[in-house]
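Me: Hey, I'm new to this one. Can you walk me through it?

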Amino acid sequence: MVTRADIGVIGGSGFYSLLDDAEEIELNTPYGPPSDVVTVGRIGSRSVAFIPRHGRDHRFPPHRIPYRANLWALRALGVRQVLAPSAVGSLKAEYGPGALVIPDQLVDRTSGRVQTYYDTDGAVHVSFSDPYCPAGRAVAVSAARESGWQTVDGGTLVVIEGPRFSTRAESQWFAGNGWSIVGMTGFPEAILARELALCYTSISLVTDHDAGVEAGQGVTHDEVLAFFAQNVVRMRTLVSATVQALPEQRDCLCGSALDGIKLPFELP
Ligand SMILES: [Zn+2]
């Protein structure tokens with residue numbers, strides 16, 4: 001397939017209006033269709049493919065998102081750098097609603113999600129010690145700070161299975177380990193990106209304190225949605241600035257994640 005985009009964004013449906021000259025592309029992959037049609041367009045001089053993570057009508061809960069199809073579809077369109085904005089809960093009292101975290105580590109607490117492309121014809125072991133792209137992280141942090149956003153550079157994202165929120169005990173345990181934020185979609189997205197030698201950067205917006213960090217009844221779905229809606233415009237502006245500041249040529253190691261590994265099939 002002809003290259004259609006070099007940067008991918010997987011996020012909420014608030015990002016549609018980011019793209020100029022937008023065109024919708026219906027794609028299928030060996031892993032089924034992605035969450036929805038992929039919208040390809042421009043932000044400034046950069047070509048961008050956008051996938052609404054939960055589908056346009058929000059039909060996929062976190063544990064049912066077609067993660068493999070989404071990343072595969074992006075790669076097939078030519079994408080090599082992926083930005084992943086999402087909403088998270090905070091595990092630290094000092095990161096309140098509105099804080100932005102660009103994590104540099106991840107803890108997988110999901111269960112039962114397919115987390116590899118390489119599940120037949122021999123094992124493929126890719127390095128995942130540093131799950132995020134250092135170049136993408138640096139660009140996102142500086143774009144956020146330039147826009148005046150209180151931004152945390154680094155920290156650990158715990159990804160839980162969902163769709164339920166954490167219990168107080170779980171949340172206190174996460175916080176006690178020094179982990180920073182908790183979400184439901186950051187994994188296996190990050191490892192699947194790495195398995196396709198893509199750069200992947202999480203841009204995490206804190207919408208609430210997780211159950212164990214704040215007194216009271218804990219978080220409700222309505223609170224998260226209301227808060228996120230208020231911040232959609234701000235996130236959109238940040239993603240746009242980050243896209244335009246990403247390097248045109250990759251110097252990071254993400255692109256060589258599969259060097260020297262014999263793959264059971266060719267990547268798109
Ligand atoms: Zn990279």
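Reply: Sure, we can go through the metal site, the cavity, the pocket and a few single residues. Keep in mind that this is a predicted model.

Me: Metal first, then. Which residues coordinate the zinc ion?
Reply: The zinc ion is held by the SG atoms of Cys-133, Cys-199, Cys-252 and Cys-254, at 2.3 Å.

Me: What arrangement do the 4 donor atoms make?
Reply: It's tetrahedral, because the angles they subtend around the zinc ion run from 96 to 115 degrees. For comparison, the ideal angle for four tetrahedral donors is 109.5 degrees.

Me: How are the donor residues spaced in sequence?
Reply: The spacing is C-x65-C-x52-C-x1-C. Cys-199 sits in strand S11 and Cys-252 in the segment after helix H5 (221–245), so that pair ties together parts 53 residues apart in sequence.

Me: And are Cys-199 and Cys-252 buried or exposed?
Reply: Both of them are buried.

Me: Switching topic. How many cavities of 30 Å³ or more turn up in the whole structure?
Reply: The search finds 1. Its volume is about 80 Å³. There are 14 residues in its lining, and the closest to the centre are Ser-86, Leu-157, Thr-185, Gly-186 and Ser-202.

Me: Which elements supply at least two residues of that lining?
Reply: Strand S5 (81–90), helix H4 (186–195) and strand S11 (199–209) each do. S5 gives the most, with 4 residues.

Me: What about nonpolar, polar and charged residues in the cavity lining?
Reply: The lining of the largest cavity divides into 7 nonpolar, 5 polar and 2 charged.

Me: Where does UniProt place a "binding site" feature?
Reply: The UniProt record, an unreviewed entry, puts it at Met-184, Asp-208, His-209 and Asp-210. From that set, Met-184 is part of the lining of the largest cavity.

Me: Where is Met-184 found, and is it buried or exposed?
Reply: Met-184 is in the loop between strand S10 (181–183) and H4. The relative accessible area of Met-184 is 13%, so it counts as buried, the cut-off being under 20%.

Me: Okay, pockets now. How much space lies in the largest pocket?
Reply: About 860 Å³. The largest pocket is lined by 36 residues, and His-54, His-58, Ala-87, Val-224 and Leu-225 are the closest to its centre.

Me: Which elements give two or more residues to that lining?
Reply: S5, S10, S11 and H5 do. H5 has the largest share, 7 residues.

Me: And by class?
Reply: The lining of the largest pocket has 20 nonpolar, 13 polar and 3 charged residues.

Me: Since H5 came up, where does Arg-236 lie?
Reply: Arg-236 is in helix H5. With a relative accessible area of 22%, Arg-236 is partly exposed.

Me: How far apart are Arg-236 and Phe-15?
Reply: In sequence they are 221 residues apart, while in space their C-alpha atoms are 6.1 Å apart.

Me: Last one: what's up with Pro-188 in H4?
Reply: Pro-188 lies in that helix and is buried, with a relative accessible area of 0%. The C-alpha atoms of Pro-188 and His-63 are separated by 9.9 Å, though the two are 125 residues apart along the chain.

Terms used. Residues are numbered from 1 along each chain as its sequence is written. This is a predicted model: local features need pLDDT of at least 70, side-chain atom pairs count only at pLDDT 80 or more; totals for chains, interfaces and linings use all residues. Side-chain values use heavy atoms; hydrogens and water are left out. On a 1 Å grid over the protein atoms alone, a cavity is a set of points where a 1.4 Å probe fits but cannot get out, and a pocket is an open set with protein on both sides within 12 Å along at least five of seven lines; lining residues have an atom within 4 Å of a point. Grid points are joined across faces, edges and corners, and a volume is the space filled by probe spheres set on the points. Ala, Val, Leu, Ile, Met, Phe, Trp, Tyr, Cys and Pro count as nonpolar, Asp, Glu, Lys and Arg as charged, and the others, Gly among them, as polar. Donors are N, O and S atoms within 2.8 Å of the metal (3.2 Å for Na, K and Ca); water is not among the atoms, so sites may look incomplete. Four donors count as tetrahedral if all angles lie between 85 and 135 degrees; four count as square planar and six as octahedral if opposite donors are over 155 degrees apart and all others between 65 and 115; anything else is irregular. Buried means under 20% relative accessible area, exposed over 50%, partly exposed in between (1.4 Å probe, protein chains only). UniProt positions are given in the numbering used here, feature names are shortened, and annotations may be inferred rather than shown by experiment.
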